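Subject: Structure for your review

Dear colleague,

Please find below the sequence and structure that I am handing over to you. My findings follow directly after it.

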Amino acid sequence: MDFFEDGKQVLSQLTHYLDESVNKGKPVIRQKSIAQIHQSLDLETHLQQGGLKGEGLGRFLESYLANTTRLHHPGYLAHQVGVPHPTGALGSLIDGFTNNVMAIYEMGPAAAAIEFFMVNYLLARIGWEKMPTKMEDRLSYAHGAGILTHGGSMANMTALLTARNHLDNRVREQGNPGDMVILAPDTSHYSVAKTASIIGIGVKNVIPLKTDDLGRIRVETVAKTIEETLGENRRIIAVVANACATGTGLYDPIDEIGDICNEKQIWLHIDGAHGASALFSKKRKKLLAGIQRADSLIIDAHKMLRTPAVCAALLVKKAHSLDHIFDHQASYIFHEKKQPGFDFIAQTIECTKAGLGLKFFLSFAALGEKGMADYIDDQTELALKAYEYIRTQPDFNTPYRPESNILCFRYEGPNEIQLFIRDNLIDQGNFYISSTDIGKLRYLRIVCMSPATTFRDIKLLIEAIRKITASCQV
Ligand SMILES: *Cc1c(COP(=O)(O)O)cnc(C)c1O
């Protein structure tokens, strides 16, 4: 059968690719131009001729893989995109093949049931009540709810829409009255501002919460900002806090912010796209102390949970709020069909929605809870060890002790040299790192994501940086 033969081609190449990446057999990154890649992939010819399969498919894949950025490589230290577990990647394949777009239960009972399970699994981790599996029991007691989305930006938008409609459900019909604001630190992910623009709140109505030098919310100012905002007759959709911030990997003080928001009955949304993974680590869970006081939380499984992109979860404390996000009447109330399962469709911005739960579940199940916790701890320990090392180097400095697997540091010198270093590292192809601003200073930034990265790689990175700076006269 063609499919089976094609599959063998693909799997054998991917297995080799994984091996080559982990063992640094190829550069972590190599960027040819669009035109060069078009040419090496011979796209035009393949389209015209059709029948791309068997060994032809194998050769095509070889060229494709030669132009990929290798996330499994020990030198992959740039972004927070997860290093997918191979079993999770098979989940992507199964999902693509079966195409069970599960937002209505009948289009994918297994996919929908797994999503339901994973949502409940996350709810329980947070300390919120799980959803009943029997639909007739829904809302018969206070419980949480959630949904998987195509990414954290979509999850943040769904969360803030839920919060907005919870505050004033008439807006869905009548449009935005113009007095609504979101309070968020300026270190919040740009998807928060994007949401404000998309849902008609306006970016200028994202009111900044005061932050310290490292961009963390200054908790002692939160109550005052809330009061001032309300005093100007503006209604607050939500307070948004980072767990953790994208740039620095530092956590906002959730517990205390939670107290204030609960007392003032303001919706608290936690952006845990990257750092809510600490929920799965006994050692790191304290960073999320007070999380159950929030009203909503997002987490990207495709960041620290080894799941292929894209897969995020939005969780809410009160199912009621999410059930009514788009409609007064939730779907399970007005269905006229026999309903053995749950239709997520009433809660999603998306309509056709992939069975994201499968790859999430498979990535998790391949590692198991302990394996997942070890992964998260190992990556964070590595960032800490890197910090301890780099801070003792006379030509480098580090602005803070990392709380996650994200670490920022600077080579002695102006902002320009940091970018010069990064560009050169990428050209060389042994290390792929990113960079970020903290205040007015530009930093180099590493995110320890690949399980293959060791402390020795960090030392090699520092050596490579020194070689680059020695070769230039900046
Ligand atoms: C990555 C990230 C997001 C956006 O998630 P996507 O899946 O990339 O859309 C939102 N918030 C934070 C804090 C993030 O780190």
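The largest nonpolar core comprises 99 residues, and those with the most contacts inside it are Val 239, Ile 270, Phe 280, Leu 315 and Phe 360. Helix H6 (residues 109-126) gives the most to this core, contributing 9 residues. Please bear in mind that this is a predicted model. In general, nonpolar side chains of soluble globular proteins tend to be buried together.

Ile 270 deserves a closer description. Not counting residues up to four places away in sequence, Ile 270 touches Ala 241, Ala 243, Ile 254, Ile 291, Ala 294, Ser 296, Leu 297 and Ile 298. A second, separate core has 26 residues, among them Ala 383, Tyr 387, Leu 425 and Cys 448.

Ile 254 also appears in helix H11 (residues 254-264), whose buried residues are Ile 254, Ile 257, Gly 258, Ile 260 and Cys 261. These residues lie on the same side of H11, because they cover an arc of only 165 degrees around the axis. The general background is that an α-helix has 3.6 residues a turn, so residues three or four places apart point the same way. The cover over the buried residues of H11 includes helix H10 (222-231), strand S5 (235-242) and strand S6 (268-271). Just after H11, Gln 265 adopts a positive phi of about 55 degrees.

Within helix H10 one finds Thr 225, which counts as buried because its relative accessibility is 8%. Its side chain reaches the backbone oxygen of Thr 221 at 2.9 Å. Leaving aside neighbours within four places in sequence, Thr 225 is in contact with Leu 183, Ile 207, Pro 208 and Leu 209.

I turn now to the aromatic residues. The structure holds 13 aromatic pairs. In one of them, the ring centres of Tyr 76 and Tyr 432 are 6.3 Å apart and the planes stand at 45 degrees, so the pair is tilted. This pair links distant parts of the chain, with Tyr 76 in strand S1 (residues 76-77) and Tyr 432 in strand S11 (residues 432-438), 356 residues apart. Both Tyr 76 and Tyr 432 are buried. The pair formed by Tyr 389 and Phe 455 is edge-to-face, because the centres are 5.6 Å apart and the planes are at 90 degrees. Tyr 389 belongs to helix H15 (residues 356-390) and Phe 455 to helix H17 (residues 455-471), so this pair ties together parts that are 66 residues apart in sequence. In addition, Phe 117, Tyr 121, Phe 280, Phe 360 and Phe 364 form one aromatic cluster.

Two arginines are placed over tyrosine rings. The charged end of Arg 306 sits over the ring of Tyr 375, 5.2 Å from its centre, while Arg 410 lies over the face of Tyr 443, at 5.7 Å from the ring centre.

Finally, I draw your attention to Asn 405, in the loop between strand S9 (396-397) and strand S10 (406-411). Asn 405 counts as buried because its relative accessibility is 1%. Its side chain makes a polar contact with the side chain of His 274 (2.7 Å), and a polar atom of that Asn 405 side chain lies 2.9 Å from the backbone oxygen of Cys 448. Residues touched by Asn 405 also include Met 304, Gln 379, Thr 380 and Ala 383. The C-alpha atoms of Asn 405 and Glu 381 are separated by 7.5 Å, with their positions 24 residues apart along the chain.

With kind regards

Methods
Residues are numbered from 1 along each chain as its sequence is written. This is a predicted model: local features need pLDDT of at least 70, side-chain atom pairs count only at pLDDT 80 or more; totals for chains, interfaces and linings use all residues. Side-chain values use heavy atoms; hydrogens and water are left out. Buried means under 20% relative accessible area, exposed over 50%, partly exposed in between (1.4 Å probe, protein chains only). Helices (H or I, at least four residues) and strands (E, at least two) are DSSP runs, numbered from the N terminus. The arc is that of the directions from the helix axis to the C-beta atoms. Contact means heavy atoms within 4.5 Å. Rings of Phe, Tyr and Trp (its six-membered ring) pair if their centres lie within 6.5 Å; planes under 30 degrees apart count as stacked, over 60 as edge-to-face and the rest as tilted. A charge sits over a ring if NZ of Lys or CZ of Arg is within 6 Å of the ring centre and within 35 degrees of the ring normal. A nonpolar core is a set of buried Ala, Val, Leu, Ile, Met, Phe, Trp, Tyr and Cys residues joined through side-chain atoms within 4.5 Å. A polar contact is a pair of N or O atoms within 3.5 Å; within protein, one must be able to donate a hydrogen and the other to accept it, and residues adjacent in sequence count only if both atoms are side-chain atoms.
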